[in-house]
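The following account leads the reader through one protein model, moving from strand pairing to buried cores and then to enclosed and open spaces. Please keep the structure in view while reading.

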Amino acid sequence: MNGFINVVFCLLSLGQMAMAQSLEYPFRAYSLADGLTNTAVLSLYQAHDGYIWFGTYDSLMRFDGFDFTVPHPLDQLKPVRVRMLKQDPQGRLWIVTHRGIFFAEGDQIRQLQGDGLDDISARDLIFEGEAVWILTDQGLCRWTPDFTHWFGQEEGLPQGAMMRATRIHTGEIWLGTTAGIFRFDGTGFLPLPHPELDQRTIYGFTQDRGNATWVASDDGLFCIDGTQISRFDQQDGLLCVSIWCVAIGPLGRIWVGTDQGAFVSDRDASLNRPYFQRVSQSQEIGFTTIYSIIPDREGCLWFGTCTGLYQLPNQALQNYIRTPNERPYFSLFWENEESLWLASNQGVERLSPKNPQNLPRSFLSDQFVRRIVRDQNGTLWFGTRNGLFKGPEGNQVYTIKNGLPDNHVMDLLVNHQNSLLIATVSGGLAQFKDGVISIHRAQPSLNAKRIYRLFEDRDRNLWVGTDNGAACSLGDTFHTLPETVGTDVYDFAQDQRTRLWIATSRGLFRLEGDEVRRVNPQAGLGQEPCFFVTEDYSGALWVGTKRGVAVFNGSHFTFYTTEHGLPYNEMNIAASLSDPQGRIWFGHYRGVSVIDPRRLKDNMVPPMIELRQRRVFDRPVPLTSRAFSHRLNEHSFYFQALNYRAPGSIRYRYRLQGLENEWKETSDRHVRYSNLPPGTYQFAVSAIRDDGMTSPIPAQNSFVIEPPLWLRWWVRPALGLLFLSLIAWQLWVLRVRNEALRQNETFLHVQMEKEIAVKARQDAEIRVLQSQMNPHFLQNAFTNAIHFVHTSPEKGELILRKLSTMFRKSMDRMGRVWVPLNQELGFLEDYLQIQKLRFEERLTCRISCEPNLDNYLVPVLIIQPLVENAITHGFQQVMHLDVLIEVRKSQEQLTIEIVNNGVALENPIETYVRPGHALHNLNQRLQLLGNPPFDYRFANGNHHFIVTLKDQNHESSHC
C-alpha cells in the first residue's frame with residue numbers, strides 16, 4: 001500500500017514541473033520498457049565483480065550496462081521490498097527485505113536462520129568479522145553462526161525501528177533510528193549529544209573526504225563534524241525536509257535524494273557551506289522520490305527512485321535545451337558571470353549561468369542570429385540573415401540600403417583598431433567604422449563564395465575562413481594557405497604555444513611557423529568535418545564534429561557523444577567558447593552544452609570482458625565443452641564488456657587462433673565462424689574503450705573440431721601402407737611375368753632356330769616385340785600411380801583400380817597376336833581414363849570408329865603406344881592437349897589415325913624412331929605382320945600418325 005501511495009505521489013509531482021529553463025545534468029532513465037520488473041527501485045549496490053545490483057518492490061535484478069537480468073528465481077528469494085544490498089568479505093551478496101535476511105551463494109539463495117529472524121522486517125546490516133549486526137523494525141540483533149543476541153533498552157537502545165547503520169572513520173558503529181543516532185561503545189549504546197537530532201528518523205549516512213558525517217533524516221540534512229552540527233533545509237536550496245538518502249559523488253559533491261527529487265551541492269562537501277540545486281527541471285528525477293544513490297567505480301552515479309532507475313554518466317557535463325521547441329544555437333557570447341548570450345534561429349537569449357533556473361531574457365525572437373560581439377565601446381552587435389543589428393536589444397538595423405554588401409551576415413569580429421569586420425555569404429568582407437559601412441580594403445583572393453569565420457591572432461593578423469580555404473591578411477592583400485584550398489574552413493584557434501589550429505571540412509590542420517600539417521588521422525579524428533576548435537586551461541583542444549565533441553591531448557582524440565550525455569552529436573560552426581572559469585560551452589542542433597574539464601574524472605577502471613555464450617548452429621553450448629564433431633563446424637561467440645559510462649562506444653578486438661593470425665575489430669557483441677575445418681582453436685576477445693583503454697586480460701575459449709574418420713592421423717599411414725603393399729604386389733607380379741616372358745623369349749628363340757618356315761620365325765619375333773610393349777606400358781602406368789599415392793590418395797586408388805582392370809585384360813590376351821577391335825578400343829579407353837585422372841581438364845580425348853567394326857581383328861597393343869606417345873610428347877609443347885583416335889575401313893584395309901595438336905617437329909620423324917623406343921617396336925611388328933610402317937605428317941597445327949592394316953578379318957593362326 002505504501003508503494004502504491006509513493007507512485008501516485010510521484011505521478012502527481014510530475015504534473016507540477018516548472019517550465020523554467022536550466023542547465024541540467026544528462027541522466028539516462030531506465031524503465032519497464034528497458035527490462036525493469038518494477039519501477040520502484042529501493043536499493044542499489046555494486047558488487048566486487050563490477051555488476052550493479054538493485055532491489056525493487058518485488059525482485060532482485062542485475063544490470064551489466066546493456067541488459068537487466070534476474071539471476072535468482074523469485075520463488076527462491078520470496079522478495080518483497082528489497083531494502084538493502086551488501087556484500088560480505090567472502091563475496092556473498094546479502095539481501096535485506098521486509099520478510100527476512102537472505103544471502104546468495106553461487107546460484108543458490110538461502111535465508112538467514114536465527115532466533116526471531118524468520119520473516120522479520122529488516123532495514124540494514126553491517127559486518128563485524130563473522131558477526132552481522134541486523135537492523136529491523138523490531139530492534140537490533142547481533143547474529144553469529146552459533147548465537148543470535150537481541151539488544152534492547154537495557155543496552156541503551158530506544159524502542160522503535162532501527163533504520164540505518166554506518167561505521168565512521170574511527171571504526172565506531174553508529175545506528176540511525178526513529179529516535180535519533182546512537183553509537184556503540186563496546187558494551188552498550190549511547191545517544192549522540194545533539195538535541196537537534198533527537199526524535200528524528202534517520203534514513204541514511206555518508207562520510208565526505210574530511211571525515212564529516214552527513215545524515216539524511218525526516219527533518220532535513222545534517223552534517224556532523226566532530227562536535228559541530230549543521231542543518232540544511234530550504235534556505236540552502238533543499239526544497240523539502242524529508243531526505244531519504246545522501247551520497248558523496250566521485251567529485252566530492254553532495255548528492256541528496258528527497259521525496260521531491262534529487263539535489264546536488266554547488267561545491268565540494270569539505271569546502272565552505274554548500275548550496276543545493278535541483279538536478280533537473282525537465283526529467284522525473286527532479287521531482288520524484290529518490291530512495292538510493294550510489295557512485296560506481298567508473299565515476300557514474302546511480303539513482304533508485306519510485307519511477308525507475310537513473311544513471312548520471314558524466315558529472316562534468318550539463319545541457320541547456322529550450323523546450324518544448326528544441327532549437328539549434330549558432331553563437332555564444334560571454335558577457336560576465338551574470339550573462340551568457342545564446343544566438344539561435346529563433347533570436348537571442350540571455351542566460352544567467354550563476355542562477356540557471358531563472359528564465360532567460362529573449363531578443364530578436366523573429367531573427368536567425370549567426371553571431372554576437374561587443375565592441376570596445378560596449379555596444380552589442382548581432383549578425384543575422386536579415387542584416388546587422390545594433391544595440392542592447394538589437395533596436396537598430398543595417399542592411400544593403402545602408403551599404404552592407406549582403407544582408408546575410410555569417411560572422412562578426414571587432415579587431416584591435418575597434419573596427420567591426422563583417423563577413424557575409426555572398427558580398428565578401430566589409431567593415432563598420434565611424435558609423436560608415438564600407439568594403440574592406442583587402443578582399444580574400446580565394447575565389448570564394450562564402451566567408452564562414454573571421455579571426456585575429458596575437459600578432460594582429462586577420463585570418464579568414466571561406467568555402468575555398470583559409471587566407472591571412474598582410475597589409476592590403478590576403479595570402480592563402482595552399483594546403484586548405486578547396487576546403488571549407490569553419491574556425492580558428494591559437495594555442496598557448498602560438499600555434500594556429502584550423503577546423504575544416506577535411507579535418508583539423510595546424511600551422512606552426514610556415515608549415516601546415518593535418519592532424520594525424522591515426523589519432524582518432526580522421527578527415528571528417530571539424531566545425532569548431534577551442535583550447536581549454538590545460539592546453540587540450542576541444543573540436544566539434546558530426547559525431548560529438550573530440551578532445552585532443554596532443555596524441556589522441558577522446559570523443560564525448562550522446563553516449564556520454566550530449567543531447568545531439570552534430571556541432572554547429574564556430575559555436576564554442578571558453579569562459580573565465582575554464583568551462584567549455586558549445587552549441588549544437590538541440591541546444592547548448594557546457595563541460596568543465598576540471599571536473600572530468602578519468603575512468604581508470606579498465607573494461608572487463610566476459611564470454612557470455614557460445615552457440616553451435618544457433619544452439620547454446622556450454623563454454624566448458626571442448627571437443628566437437630567435424631559436422632558441428634559453425635560456432636558463434638557472444639561476449640560483452642562491463643562498462644556503464646558509455647557502453648555503446650565499446651569496440652571489441654578478437655581473433656580465432658588456428659584460423660586467423662590478424663586481430664579484427666567490431667562494435668557488435670558477437671561473431672560467427674562458419675565451415676571451420678578440423679583443428680585446434682582458441683578464441684580470444686578484448687574490449688577497447690573510447691579513450692583507448694583495453695581489457696587487461698582477454699576472455700578466451702579453446703576447443704577442438706575433430707576430423708572425420710578418413711582424416712584421422714592413422715588413416716593416411718594405413719592407406720599409404722596399403723598402397724605400397726599393392727604396388728609391391730604389382731611389381732612382384734611384373735617380375736614374375738617378365739621372368740615368364742624372358743623364359744618364353746628364350747623358348748621362342750630356340751623354336752625359331754628349329755623352325756624352318758619364315759612364318760614361324762616371324763610369329764616368334766612378333767611375340768618378342770609384343771612382350772616388350774607390355775612391361776613398358778605397365779611401368780609408366782605404375783609410375784603415375786605411385787605419384788598420386790603421395791599427392792592425392794583418392795586418385796591413386798582410382799588409378800590402381802583401372803590398372804587392375806587393364807592388368808586382368810592383359811593377362812587374358814597374353815600370347816595372342818590378334819584381338820577384335822572392340823577389345824583393343826576398350827583397353828585404350830581404360831588407359832585414357834587413367835590419363836584423364838592425371839591431367840584433368842588439360843586433356844581432351846575422342847574416339848571415332850565406323851560402325852560394324854567391333855569384331856575386326858587387329859594386332860594387340862597397336863593403338864595404345866601411339867596414343868601414349870601423343871600424350872607424353874604433346875604436353876611438352878602445349879598446355880591443353882586435344883587427341884583424336886579415328887578408325888575407318890576402305891576396300892581391303894583398315895586405317896587407324898591418331899591426331900593431336902602441337903608444334904611442328906624440329907627434326908624428321910625418322911630421328912625419333914630409334915631401336916628400343918616404342919615407335920621402332922611398332923614398326924617392326926607391322927612389318928613382320930606384312931603391313932607398311934606407320935605414316936606421319938604435320939598439317940594445320942596437328943600431328944597425324946597413320947597405321948594401315950591389311951584385311952585380316954578371318955581366322956588367323958596367330959589368334
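Which residue in β16 does tryptophan 174 stand opposite? The partner is arginine 183. The model in which this pairing appears is a predicted one, and every value below is computed from it.

The pairing belongs to a wider arrangement around β16. Strand β15, residues 173–177, runs antiparallel to β16, and four bridges join the two. Two residues separate these strands, which together form a hairpin. On leaving β16, which covers residues 180–184, the reader meets another antiparallel partner: strand β17, residues 189–191, pairs with β16 over three bridges. Here phenylalanine 184 stands opposite phenylalanine 189 of β17. The hairpin of β16 and β17 has four residues between its strands, and within this hairpin glycine 186 adopts a positive phi near 110°. Strand β16 itself is mostly covered, with four of its five residues buried. In a regular strand, side chains alternate between the two faces of the sheet.

The second largest cavity lies in this part of the chain as well. Its lining consists of Ala179, Gly180, Ile181, Pro191, Leu192, His194, Leu197 and Asp198. The space inside amounts to about 40 Å³. By class, five of the lining residues are nonpolar, two are polar and one is charged.

A further set of strands illustrates an open sheet. Four strands take part, in the order β2-β3-β4-β5, and their pairing is antiparallel. Strands β2 and β5 (68–69) form the edges, each pairing on one side only. Strand β4, residues 60–63, pairs with β5 in the antiparallel sense over two bridges. Arginine 62 stands opposite threonine 69 of β5.

Strand β2, residues 41–46, also contributes to the largest pocket, as one of the elements that each supply at least two lining residues. The others in that group are α1 (2–14), β6 (82–87), β10 (122–128), β14 (162–167), β18 (202–207), β22 (243–248) and β26 (290–295). The pocket holds about 1300 Å³ of space. Of its 43 lining residues, Arg83, Met84, Arg164, Tyr203 and Tyr291 lie nearest the centre. The lining divides into 24 nonpolar, eleven polar and eight charged residues.

The enclosed spaces may be considered next. There are three cavities of 30 Å³ or more. The largest of the cavities contains about 60 Å³, and its lining is made up of Phe330, Arg370, Arg371, Met410, Tyr452 and Ile573. Four of these lining residues are nonpolar and two are charged, while no polar residue takes part.

Attention now turns to the nonpolar cores. In soluble globular proteins, nonpolar side chains tend to be buried together. The largest nonpolar core here has 51 residues, and the members that touch the most others are Ile863, Val867, Ile871, Ile896, Ile898 and Phe934. Helix α6, residues 821–839, provides the largest share of this core, namely eight residues. A second, separate core comprises 27 residues, among them Val41, Tyr45, Leu93 and Tyr644.

Within the larger core, isoleucine 898 has an extensive list of contacts beyond four places in sequence. These include Ile863, Leu866, Val867 and Ala870, together with Val883, Leu884 and Ile885. Further along the chain, isoleucine 898 also touches His943, His944 and Phe945.

Why is helix α7 described as largely enclosed by the rest of the structure? Nine of the eleven residues of this helix (residues 864–874) are buried, so the rest of the structure largely encloses it. The buried residues are Gln864, Pro865, Leu866, Val867, Glu868, Asn869, Ala870, Ile871 and Gly874.

The route ends at isoleucine 946, located in strand β72 (residues 942–950). Is this residue buried or exposed? Isoleucine 946 has 10% relative accessibility and therefore counts as buried, the cut-off being under 20%. Leaving aside residues up to four places away in sequence, isoleucine 946 touches Thr895, Ile896, Glu897, Phe934, Asp935 and Arg937. The C-alpha atoms of isoleucine 946 and proline 933 are separated by 9.0 Å, with the two residues 13 apart along the chain.

Conventions
Residues are numbered from 1 along each chain as its sequence is written. This is a predicted model: local features need pLDDT of at least 70, side-chain atom pairs count only at pLDDT 80 or more; totals for chains, interfaces and linings use all residues. Side-chain values use heavy atoms; hydrogens and water are left out. On a 1 Å grid over the protein atoms alone, a cavity is a set of points where a 1.4 Å probe fits but cannot get out, and a pocket is an open set with protein on both sides within 12 Å along at least five of seven lines; lining residues have an atom within 4 Å of a point. Grid points are joined across faces, edges and corners, and a volume is the space filled by probe spheres set on the points. Ala, Val, Leu, Ile, Met, Phe, Trp, Tyr, Cys and Pro count as nonpolar, Asp, Glu, Lys and Arg as charged, and the others, Gly among them, as polar. A nonpolar core is a set of buried Ala, Val, Leu, Ile, Met, Phe, Trp, Tyr and Cys residues joined through side-chain atoms within 4.5 Å. Buried means under 20% relative accessible area, exposed over 50%, partly exposed in between (1.4 Å probe, protein chains only). Contact means heavy atoms within 4.5 Å. Two strands pair if DSSP finds at least two bridges between them.
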